Amino acid sequence: MTILGSALSLPNGTTLPNRLAKAAMSEVLGDPGTGAPTAELMRLYERWGASGAGLLISGHVIVDPAGRAEPGNVVITDRRDLAALTEWATVAQQHGAKLWLQLNHAGRQAPRRMTKQPVAPSAVAMKGFAGAFAAPRAMTEHEIHEVIARFATAAQIAQEAGVAGVQLHAAHGYLISQFLSARTNLRDDAWGGSVARRSRFLLEIVRAVRAAVGPAFPIGVKLNSADFQRGGFTIEESMEVARSLEAAGIDLLEVSGGNYESPAMAGGGEVPGEQRQSTRDREAYFLHYAERLRTVVSLPIMLTGGMRSRNVMEAALQSGAVDLIGLARPMTHAPELPRQLLDGTALVAPAVNIRSRFRRIDDALQVMWFQAQLHEMGQGRDPDLGLGAWTAIWRGLRAMLWPKRTAPRRLAPRPIGAAA
Ligand SMILES: Cc1cc2nc3c(=O)[nH]c(=O)nc-3n(C[C@H](O)[C@H](O)[C@H](O)COP(=O)(O)O)c2cc1C
């Protein structure tokens with residue numbers, strides 16, 4: 001039997017049935033007007049529930065309407081959508097997979113169309129993107145505590161809905177990652193300065209979530225190995241944060257890297273001074289980092305980014321550096337891949353090459369093409385490998401500019417913790 005099929009015990013006592021996890025991918029299948037999960041989302045997770053992956057991490061679920069990254073994000077601020085969340089948990093887990101919700105706040109990566117003035121640790125504007133992101137303002141101490149409470153509320157509601165765990169999104173340049181990075185966190189109070197202070201926001205969220213969900217409920221964190229930007233979050237800082245997270249009692253650390261300005265999570269970043277020649281290094285973007293991380297923490301590590309061949313996955317697990325393999329893009333067009341890797345009917349994910357003639361739009365095109373495949377499955381259809389680049393762009397733009405039903409910017413502000 002392949003090591004991919006062996007169970008994994010987490011520190012809190014939970015067991016995952018195997019070593020393959022669907023990594024988070026924003027589905028944008030929430031209702032753009034209300035942030036509630038839709039029937040399309042249920043259909044997609046019904047399919048993924050039978051994919052063979054032992055762990056399904058949802059696309060980011062937003063804890064504050066002002067922190068949405070896209071129209072169509074699922075938003076949890078109170079119990080009003082508990083029935084739909086419960087249905088989501090039920091359909092996804094009916095074949096034995098565990099569903100964890102990824103909780104997030106976009107901070108300055110909230111587009112201007114939806115949030116006129118986003119919040120961030122400091123007023124550092126996004127570079128580029130043709131003005132799609134407004135300059136943020138620095139959060140007040142009160143707002144920081146309020147957002148921490150929002151993460152705890154959302155986690156508690158997720159637990160009530162029957163999901164098996166939560167993951168805090170501390171990577172990819174969203175709010176928590178903005179606090180971690182010295183490039184975006186210029187604060188000189190207790191939330192900025194040294195790496196210990198920059199990580200306080202994340203650690204307080206972990207503490208508040210743990211207090212809300214109790215000791216037996218898994219809490220994961222997705223952390224950048226680095227921002228891959230000058231003056232940004234470094235590998236050494238990331239390892240220090242990982243040590244603090246282990247001490248704070250998290251159950252799983254997923255490693256990734258990059259942000260909107262420097263999209264290393266999709267293979268766009270290079271670790272300075274490191275060569276990538278072997279298949280192993282080309283595929284497993286953050287394996288070198290995970291190997292270093294293993295020398296400083298003993299908590300379970302999930303490696304996501306570029307993993308495509310069974311032998312690379314098995315070697316990463318066998319080396320002891322990582323405990324779980326995260327698959328994102330392949331799950332959009334090969335949703336049965338985990339089962340096939342487990343039973344040996346596939347040894348590698350099918351290759352797709354999504355590129356246009358214009359390099360500048362290729363990062364956005366990638367997201368739109370893979371998201372379009374999720375929407376095919378949400379409609380009850382099979383993925384469409386023949387989907388053209390321009391069709392994917394058109395569909396992505398349409399979803400962004402004219403989301404169905406109420407315009408997302410009119411979403412009513414929601415106080416936290418209000419009863420349904
Ligand atoms: C369409 C799309 C949406 C994504 N949304 C999220 C997200 O909501 N949260 C997250 O942590 N990562 C997100 N990612 C990044 C993936 O989780 C993963 O880190 C990245 O795609 C690299 O893994 P892969 O090579 O297996 O695709 C997204 C990726 C894609 C392609």
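This chat covers the ligand site and helix α3 of a predicted model.

Trainee: Hi! What should I know before we start?
Mentor: This is a predicted model, where local features need pLDDT of at least 70, side-chain atom pairs count only at pLDDT 80 or more, and totals for chains, interfaces and linings use all residues. Residues are numbered from 1 along each chain as its sequence is written, and side-chain values use heavy atoms, with hydrogens and water left out.

Trainee: Which residues come nearest to the ligand?
Mentor: Ala24, Ser26, Gln102, Gly306 and Arg329, out of 21 residues around the ligand; to count as near, a residue needs a heavy atom within 4 Å.

Trainee: And what does Gly306 touch it with?
Mentor: A polar backbone atom of Gly306 sits 2.7 Å from a ligand oxygen atom, a polar contact being a pair of N or O atoms within 3.5 Å.

Trainee: How much of the ligand does the protein bury?
Mentor: 93% of the 610 Å² that the ligand exposes when taken alone, by the Shrake-Rupley method with a 1.4 Å probe.

Trainee: What does His169 do there?
Mentor: A polar side-chain atom of His169 is 3.0 Å from a ligand oxygen atom. For His60, a polar backbone atom is 3.1 Å from a ligand oxygen atom.

Trainee: New topic: which elements do the buried residues of α3 pack against?
Mentor: They pack against α2 (82-93), β5 (98-104), β8 (165-170), α4 (175-180) and α6 (200-213), with contact meaning heavy atoms within 4.5 Å. Among the buried ones (under 20% relative accessible area, 1.4 Å probe, protein chains only) are Ile144, Val147, Ile148 and Phe151.

Trainee: What follows α3?
Mentor: Gly162, with a positive phi near 100°.

Conventions: Polar contact = N/O pair within 3.5 Å; in protein donor to acceptor, adjacent residues only side chain to side chain. Buried < 20%, exposed > 50% of the residue type's maximum accessible area, 1.4 Å probe, protein only. Helix = DSSP H or I, 4+ residues; strand = E, 2+ residues; numbered from the N terminus.
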